[in-house]
Every structure is written in C-alpha cells, then in structure tokens.
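Biologist: Could you take a close look at one part of this structure for me, the place where the protein chains meet each other and the DNA? I would like a connected walk through it, in plain terms I can follow at the bench.

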Number of protein chains: 2
Amino acid sequence: MKGRPGRVDRPTIIDVAREADVSRQTVSRVVTNHPRVAPATRLRVEEAIATLGYRPNRMARALVTRTSLTFGFAAIDMRDLHFGDTCLGMQVAAREHGYFLVVTELDFDDDRGMGTLETLLTLGVDGVALFPSLLSDADIEQFAATCGCPVVMIGRESKIPNVVSIAMDENAAAALIVDHLVDRGKMRIGILMNEMFPEVVHQRYVALRQAIGSGTGVALDVEAGYPKIAEGRIAATTLLQRSPDLDALIGFNDTMAMGALLACDDLELRVPQDVAIVGYDGIPFGALTNPPLTTIVQDSIGMADAAFRALLSGLEDGPPPEGEVMLWEPELLIRGSS
Amino acid sequence: MKGRPGRVDRPTIIDVAREADVSRQTVSRVVTNHPRVAPATRLRVEEAIATLGYRPNRMARALVTRTSLTFGFAAIDMRDLHFGDTCLGMQVAAREHGYFLVVTELDFDDDRGMGTLETLLTLGVDGVALFPSLLSDADIEQFAATCGCPVVMIGRESKIPNVVSIAMDENAAAALIVDHLVDRGKMRIGILMNEMFPEVVHQRYVALRQAIGSGTGVALDVEAGYPKIAEGRIAATTLLQRSPDLDALIGFNDTMAMGALLACDDLELRVPQDVAIVGYDGIPFGALTNPPLTTIVQDSIGMADAAFRALLSGLEDGPPPEGEVMLWEPELLIRGSS
DNA sequence: CACAGTAGTGTGAGCGTTCACATCGTATCA
DNA sequence: TGATACGATGTGAACGCTCACACTACTGTG
C-alpha cells in the first residue's frame, strides 16, 4: 500500500525553502501574498517555486487553517439540465471568489445519499450545496446539525433549522401554467407526476392541484410514472384513455411532457388543438419537438449564484438558526404545444 | 478569517479516545479495521464514535499515508451525455473500490484548463481522469510529467508518455458510417465539423476523410460550426446550398446532426430519401426526432470502467512510460434518418 | 519454570502547512 | 546618541492522523 510506484512525491515548502535559501515561513509568506517580504527575496522564492514546480498542499494548509476554500456540491445526476446548470453556475461563482467546487453525484444506495454527503465532509469542505432528491427534510436537518458547516438545499422549499433553502416558487409556476391553459380554453387538465422523489414532487403536485382548484370548474386527473420519455408516453396514454375528454396535459418535467407529445401522436390527437401540453425545465430539445414545447423555466444560474453567496455568508455569520427560504420566480416559455 | 461562526469543529480521534478511555492509536485501529483490537474495546470505541458523531478526517489521513483514496475527474461540461455517462460510470466504479471521485469542470479561461487540473492536484487526488477538450497533447504530457500520479485521458487517441489514452476507434466509426451510407446508395457526403477542440475534431475528420476516400468515387464537402443545434442548422444550410447534390450529411455530434435535420426541413429536402443524416453520440433525443437519428454510440460505461482500472493499475505498477492507447469499438445505431 | 511467541495497547515522531511569537537589523526621532 | 519603531526573517508548536516501535500481559512449549 505504501511506496506505490505510480505516486511520486511532489516538492514541499521545505524543498523550496532550501532551494531559495530562506525559511519555510518566508516561502509560505510568498505563496500567500503576505506583504512583508523583501522584493528580492520574493523573486528568489518565486524562481525556486517555478524550477521545482511547487504547488502548496491544500490538505496540509486546510488542516492548520481549518478552512479549505472548498465547497461541496451534490446532486444525483449532473446530466440533468437544472442540476448541471446549477453546478456550472456555482463552479463559476466559486472560482471568481477563489473557491474550488468539489462535485459529486449522490449515491441513493448509500443511505439515500447521506453516505455520500458524509464522505464529502471528510474531504474538509467549508460548505455544502445539494439537491435533496431522495433525502427527506429530516435527513437534511440531521446533516446540517452535525456537519459543522453551512448547508444550502436547492430545489425544495422547506424551512429547516440551519439550512438555506433555495427553490422555485411552485405556486407561481402552477398559477402561470393553469392561467395560461384556462386562457386557451382548456378546462380538463391531466397531470403526469413523477413517481420518484416524493417531497419535491409533492410540492409541485400540491401547487398544481391548488392552482387548478382555484380555476372555476376545471377538472383534473393524475397519473404517475418514472420521469423519462418512454414512461411519460405510457402514463399519458393511460391518462388519455381513462379520461378521453382531457384537453391539456402537464408533465412533471419536459421529458415526461415529450412522452405526452408522443402519446398524442399515437392516439391521433392534435397538439395543441385537441390537447395542450406543458412541461417543466426548459430543456433545449423542447424547442425542437413538433410542436415545440411550452415549458416552465427557472433561473438556474441565478439560483447557483444565490446558493454560493448563501454558503459564503453562512460562513461569515453562521447559518440561519430557524432556516431560511429563498423563492425564485419561474417564467412560462410559451411555444407551440399550448 | 479565523473562528468563523459558520464553521464548527467536528470531534477528532482524540475526543473519541478520551470518551472510550483508550489511546488515539486504538481508535485509529478500530476505524481502519485493524484485526488486533479486543472485541470489548472495539465495541466501546464504536459506541464513542457513534455518540460523538466522529468521522475520520480524510485530509489528515492522506497527509500521513500519502494516499487519499480519491481520484479526480475533469471534463468541460457534465451535462454532455458522453462526459456525464463516463463520470457516472467512474463514480460507480470508484465507490465499489472504496474510492471517492472528485468531479470538476475544466475552466477554459484558466490556462486552457491546466489551472483547474493543478488545483485538483493540490486536493491530493491519487490519480486523474480527464477529457482533454482544449488541452493539447503537449499540455497533457507536461501535466503527466509533473503531477506525480497516474493520468488517464479519455476521448482522444494519443500515445503520450505516462498517459493511458482511452478512446473510441474513430477509423472504425468512420468506416461504419461510410459503408452504411454507400450501402444506401449515397455517394456525395457532407460533413459538419466542430470548430472547437481542434485535436479531437481532427481525428474524427481525418478518419471520415480517409473512409470516404477509400469508397470508390464518393464526393465530399465540409463545413464547420459551433457544435450546437442552431449552428448545425446554419452550417448544414450553407453546405447544402453550396453543394446542392449532396445526398448525405454527417454531423460531428447528434446535436449538429439535429441541426442538419432542421436545415433539410427548411430546404424541403426529404430525409433520408434526398439526404441521409448520421450523427455521433446516441443522445436519447435522437430517438425522437423526425425521422429518428442514425448515430454512432460508444460504450461510455465500459470506458469509464477501463479508465478507473487504468488509474488503479497505474498506482500499482506505475504509469506506462511510453504511453498506452486503448481503443473501443463503436456501434452504429441505424434509425430512420439514413 | 524460564523462554519465546503473540495478542492487545500505548508513545513519539512526522506528514506539509500556517500561526504566534521571537529575533535581528536598520531607519527615525527627540 | 540612545530609545523607539518597524520591516524582514526565522523558530517552535500545532492541525488530525498513521507509522514504527515499545511495552505489557498472557499463552504455550520444551
């Protein structure tokens, strides 16, 4: 296990000190840009650093400073547009502020993802931003209570002690969709729910239900499935066959909505004349379906930015003892499918 | 900067030792599953660990063992299907072997991505897998020479000292496509190239050119653009207007190919009768276009697995001094567009 | 019954870095 | 000219952990 041939030692601060004929502390001062170093010395040290190819060891530094200048980011799947965009946004924000973002994908099988989060902590991150997915509010609360660093949850609106929750305003989104559909004369709405991630899904469902309920005389039916195209197609078919008078379908996400598009094609229903279809997420391919998909878009980059700032200020002033919720306004991107 | 309110100290091995009334070494032995601990002691220590919520500090451990059980993974965009799949695959492989995968997105602006890689190193990773994108072979060679750990490059076939290169066999892929097109009676082929990432692009272009050149009397035209739908559409339009007799288009990736699909629609050309279209990548939405897209798929998970194993064996036996290339067979997924 | 072997445990040192403090030399001022 | 200040540098300790070794008590053996 030791002395692995593949692992070669990198030069340390001591090597640089020897090379430049100064003490390690002087090298440290040069590296951390401390002002009180004589220009000539600084130059000599910088040359030594360049010749040896020295890079300070972040772990050793973190050990003594108790700060790693590193944040963790966890979500189940970076290929997902919203997760991926947010990840990218946080990465950019982090770099601008001298932080490094350690990204990891949550492993469901490892205690719903808690294991992955714990491992992330052992890496010494100064804060964690995460999409909860399968993790319950109780999981998050427990994690925030024991992790010893700021925690930001993105994508679920929940007031959890010591946690900043950043989420899209589901009620506003639901209202945008339902108002739009009613505006188009649609009065019998079907919903394609996601059978995974009960808590996020539930918020969206409750919001839609409430928005529909407040529209006068709008009917509602629901079917759930795995949030992919094929399963969306099946769920939509089931729904349309069970309630043939439906004149609008709302997909939990664009992928399911695209499945609904296919289902309408299968059943020879015209979109949007017979059935209007709306999704969530604003994935690029939604612009290319036939007809292009009307969808709810959220400002992933803006949320990423807010998440980063929340971590930073959590570090400065401590986390909000009673939790804090930041809601983001959704936007309805109206295209041909509605 | 110190004593930040947001950062609370976690218990250390000493706290656990005190709680269980043993020495730190005994706690260490319990944590690392050393056999020579009396069952009763082990139990007492485990209880102390549970009460205190202790987790070993990976950085401190790595500092002394010179092994972090951590690999780095870098690519420009995890939302990209191939990058994302490979990332996921490596993550799974890593977890199975007790490793943690630190994922990061390469920042072009930071010295073409070299800065990001250097930062990754300072985190103490035991090895790095990366998609080179903008990094040249020379960049990679230099990185491998100075990083002191195994390096695996995915997605470009290059024999670089100390680097294992894992890539799809571009010649095989090009042959699959061209043979297929010729088989369908297509003799005038247009290529939509990617204007980014010169080196990867070049390999694909050379392979296609060569495959086309070996087909008797097949004509060729090329246009380049940013590898997205809108730009693919523009490039395809340019190409089809410049060479109206083209009867097939090959997109550098599925996204460009989908742009080509739109261009054909614009120009009222039937696909595949007038123009056949083939892409690369096998993105899920390719199955939903009209007609569905014929495409080259590569085994991302298999490559991820190989990459992980290459890192492990690089650690055991040292990196290959002269470099090593592992080629993966592509598969042609024939759908309606050809 | 002395000797070795071994299971179980503890101790000092050190991984690479920064912090707090000490030391030195030189310039500044009354 | 002596006191004072400050700029430039170096030294010991510590961060949390594991390694190598030392130590103690058994157990078994001839």
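Modeller: Happy to. One definition to begin with: Ala, Val, Leu, Ile, Met, Phe, Trp, Tyr, Cys and Pro count as nonpolar, Asp, Glu, Lys and Arg as charged, and the others, Gly among them, as polar. With those classes, the surface near DNA strand D has 11 nonpolar, 10 polar and five charged residues. Please keep in mind that this is a predicted model.

Let us stay with DNA strand D for a moment. There are 26 residues around this strand, and Ser23(A), Thr12(B), Ile13(B), Ser28(B) and Ala60(B) come nearest. Two or more residues each are given by α2 and α4 of chain A and by α2 and α4 of chain B. The largest share, five residues, comes from α4(B).

Now turn to DNA strand C. Here 27 residues lie around the strand, with Ile13(A), Ser28(A), Asn57(A), Ala60(A) and Ser23(B) nearest. The elements that supply at least two residues each are α1 (13-20), α2 (24-31) and α4 (58-65) of chain A, along with α2 (24-31) and α4 (58-65) of chain B. α4(A) gives the most to this surface, with five residues. By class, the surface near DNA strand C divides into 12 nonpolar, 10 polar and five charged residues.

How do the two protein chains relate to each other? A turn of 180° with a shift of 0.0 Å along the axis lays chain A on chain B, with an RMSD of 0.0 Å. The two copies are thus related as by a two-fold rotation axis. If you want a landmark for that axis, look for Arg79(A): of the residues of chain A, its C-alpha comes closest to the axis, at 2.0 Å.

The contact between the chains takes 55 residues from chain A and 55 residues from chain B. On the side of chain A that touches chain B, α4, α5, β2 (100-105), α6 (114-122) and α12 each supply at least two residues. That side of chain A has 26 nonpolar, 14 polar and 15 charged residues. The copies meet through the same surface, because 100% of the interface residues of chain A are also interface residues in chain B.

One pair of helices in this contact is already familiar from the DNA surfaces. The axes of α4(A) and α4(B) come within 9 Å and cross at roughly 130°. The two helices are therefore oblique to each other, and their crossing is left-handed. Met59(A), Ala60(A), Ala62(A) and Leu63(A) meet Met59(B), Ala60(B), Ala62(B) and Leu63(B) there. The residues of this helix contact divide into eight nonpolar, no polar and no charged. Ala60(A) is thus worth finding on your screen: it is one of the residues that meet α4(B), and it is also among those that come nearest to DNA strand C. Ala60(B) likewise takes part in the contact between the two α4 helices and is among the residues nearest DNA strand D.

Just past α4(B) there is a backbone detail to look at. Arg66(B) lies in the loop between α4 and β1 (70-75) of chain B. Phi of Arg66(B) is near 60°, a positive value in a residue other than glycine. For background, most residues other than glycine have a negative phi.

Next, the packing of α2(B), which also contributes to both DNA surfaces. Its axis and that of helix α3 (residues 39-52) of chain B come within 10 Å and cross at roughly 90°. That makes α2(B) roughly perpendicular to α3(B). Thr26(B), Val27(B) and Val30(B) of α2(B) make the contact with Thr41(B), Arg42(B), Val45(B) and Glu46(B) of α3(B). By class, this contact has three nonpolar, two polar and two charged residues.

Last, two helices that help form the side of chain A touching chain B, α5 and α12, also pack on each other. The axes of α5 (residues 81-96) and α12 (residues 300-317) of chain A come within 8 Å and cross at roughly 50°. That makes α5(A) oblique to α12(A), and the crossing is right-handed. The residues of this contact divide into eight nonpolar, four polar and two charged. Among the residues of α5(A) that take part are His82(A), Gly89(A) and Met90(A), and α12(A) brings residues including Ile301(A), Met303(A) and Phe308(A).

Definitions and conventions:
Residues numbered from 1 in each chain as written. Chains lettered and ligands numbered in written order. Predicted model: local features only at pLDDT ≥ 70, side-chain atom pairs only at ≥ 80, totals over all residues. Least-squares fit on C-alpha atoms with pLDDT ≥ 70 in both. Contact = placed C-beta atoms within 7 Å. Near = placed C-beta within 6 Å. Helix = DSSP H or I, 4+ residues; strand = E, 2+ residues; numbered from the N terminus. Axes fitted to C-alpha atoms, helices over the stretch in contact; angles between N-to-C directions. Parallel < 35°, antiparallel > 145°, perpendicular 65-115°, else oblique. Left-handed = near helix turned anticlockwise from the far one by under 90°.
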